[in-house]
Amino acid sequence: MLFFAFIFSNNYCYSQCSVPKPKNITVTKMNSCSATIKWNASANAAYYVLWYKMKTGGTETTVNTGTDTFYTVTGLSANTSYQYKTSAYCSNNTTKGYSKLISAKTLKCSVIENLAVSNINDDSALVLWSAACGATNFKIRYRLSPGNNQWTVLTNISSTSFQLTSLTALTNYEVQGSALCGTDTSLWSSSISFQTASVLLPPAPPNIVIILEDDGRYDTFKPTGGPSFFESPAINRLAYEGVNFKYSMPASSQCTPSRVSIYTGLYPHHHGAVTNGAPMITGLPMIQQILKDNGYYTGFVGKTGQSGDPIGFDWYAKSLSPDYVDPKFKVNGITSTFTGHYADISEKFALQFLDTVPEGQPFLLMFFTVVPHGPTIPKAED
C-alpha cells in the first residue's frame with residue numbers, strides 16, 4: 001500500500017543575507033552627555049542599525065542610521081558606562097547579526113569645544129567657546145607662547161566668552177578652557193594661539209594753513225565761474241583737489257569783525273569787534289592760542305584787524321600799512337620798512353616762518369594778505 005503525505009506552510013522563505021557584519025566599531029568622540037560611534041562600511045549594505053544601552057540596567061535602544069557609518073548618541077548620563085553594537089542589513093531587511101559589543105564610559109564633565117579668539121588688539125582679546133553639556137561654570141588660562149611660562153588662570157566665568165585685558169602688544173599667547181560641572185572639572189581644551197596687535201598710535205595732528213585774501217570776489221576764479229583769461233593754477237588746484245564750498249559767508253563784510261570771528265569762532269556781536277578798528281573783548285579763547293597750548297607751533301603773516309601785537313603766535317610778521325610798494329611790517333616785535341612789493345614780501349615771510357618750525361612739531365600758519373584790497377598796485381610784471 002502506498003501512503004502520500006502533503007505538508008503545506010504559509011511561511012515565506014528568504015535568501016540568506018550576504019552583507020557581512022560591520023567591523024572596527026569604535027567611539028570616536030565622548031563627552032558627558034553624548035558619544036559618537038563609528039564603524040567600517042559593509043559591502044552592499046542597504047542600511048545600518050545601531051544598538052546601545054547602559055552597561056548596567058537601562059533600556060535597549062536601536063537607531064536606523066541609514067547608510068551612514070557613524071552616529072552621535074545624545075541624552076546620555078555623565079560618568080556612566082554604555083554598550084554599543086551595530087548591524088548591517090540587506091535590502092530584504094535581513095542581517096547576519098550585530099558586530100562585536102564595545103563599552104565606553106561618558107565623561108564626568110565635557111571638555112569645552114570650538115575655542116576661538118577674536119577682537120584682538122594691542123592689549124586685549126576676546127576668548128569664546130561653545131557651551132558644554134552639564135557645565136555650570138567655566139575657567140580659562142593663558143600664557144606667553146611658546147610655553148614654559150606660568151599660566152594665568154581665570155575662574156568663575158558664567159558665560160561662554162571672556163575678555164582678556166592688560167596684554168602686551170605684538171606678543172604671542174596661548175589660551176585653554178575648561179568646564180565645571182558641579183563638583184567635577186573637565187580636562188583643559190587644546191590650546192589656541194594668537195598674537196596681539198601693535199600699539200595703535202593716534203594719528204599725527206595735521207598742519208594747518210589758513211589763507212585769507214582781502215576783498216577778493218568769489219567769481220574771480222575759474223572753479224567758481226571766473227573768466228577764462230584769469231589764470232590762478234594754485235588756487236584752482238585747492239578747489240579741484242580739496243573741497244569747494246558752494247556757499248560760504250563771512251560773519252561780517254568788514255575786515256576787523258570778519259578776522260576776529262576767525263580767531264574766536266564767534267559772531268561779531270559776541271566777540272565785540274563789530275566795526276573796523278573796534279577791539280575785541282579781552283580774554284576770549286582764540287584758536288591759535290588753543291592750538292599753541294596743545295603742541296602746535298603757530299605763525300601769522302599779514303593783516304590782523306587788531307591793534308597791538310598778534311596774540312597766541314610763536315612767530316609773526318604783521319602788516320602795519322596797506323602799501324603795496326615798500327610796505328611796513330612788524331616782525332616778532334621789530335618794525336621795519338621792506339623794499340619791494342607786498343605780495344613778494346609777505347610770501348617770503350610765510351616761507352621764513354615755515355623754516356623756523358621745529359622738526360616733527362605740527363604748525364598753524366595764518367596767511368592774511370591785503371591783496372587785492374584797493375587801491376591795488378600790481379607788481380611790475382603783472
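**Contacts.** I began with contacts in this predicted model. Of those with a separation of 6 or more, 54% join residues that sit 24 or more positions apart.

**Secondary structure.** Next I went through the elements and found 22 strands along with 5 helices.

**Overall dimensions.** How does the radius of gyration sit against that of a compact globule of 382 residues? I got 44 Å for the protein, where such a globule would be near 21 Å. I then looked up the spans of the C-alpha trace, which come to about 160 × 55 × 40 Å along the principal axes.

**Burial and surface.** I checked what share of the 382 residues is buried, and the value is 37%. For the accessible surface I have about 22,900 Å², with 54% of that belonging to carbon and sulfur atoms.

**Charges.** I looked at where the charges lie on average. The 26 positive ones and the 24 negative ones have mean positions 26 Å apart.

**Aromatic pairs.** Rings kept me happily busy, as the structure holds 17 aromatic pairs. One of them is Tyr 47 with Tyr 89, a stacked pair at 4.9 Å centre to centre, with 10 degrees between the planes. The planes count as stacked because the angle is under 30 degrees. Where in the chain do Tyr 47 and Tyr 89 sit? I placed Tyr 47 in strand 3 (residues 47-54) and Tyr 89 in strand 6 (residues 81-89), so the pair links distant parts of the chain, 42 residues apart. Are Tyr 47 and Tyr 89 buried or exposed? I noted both as buried.

**Ring cluster.** My last stop was a cluster in which ring pairs link Tyr 263, Phe 300, Phe 313 and Phe 368.

Methods
Residues numbered from 1 in each chain as written. Predicted model: local features only at pLDDT ≥ 70, side-chain atom pairs only at ≥ 80, totals over all residues. Heavy atoms only, no water. Helix = DSSP H or I, 4+ residues; strand = E, 2+ residues; numbered from the N terminus. Rg over C-alpha atoms; globule rule 2.2 N^0.38 Å. Buried < 20%, exposed > 50% of the residue type's maximum accessible area, 1.4 Å probe, protein only. Contact = heavy atoms within 4.5 Å. Areas by Shrake-Rupley, 256 points an atom, 1.4 Å probe, with all protein chains shown as cover. Lys, Arg positive; Asp, Glu negative; His and termini not counted. Charge placed at Lys NZ, Arg CZ, Asp CG, Glu CD. Phe/Tyr/Trp six-rings, centres within 6.5 Å; stacked < 30°, edge-to-face > 60°.
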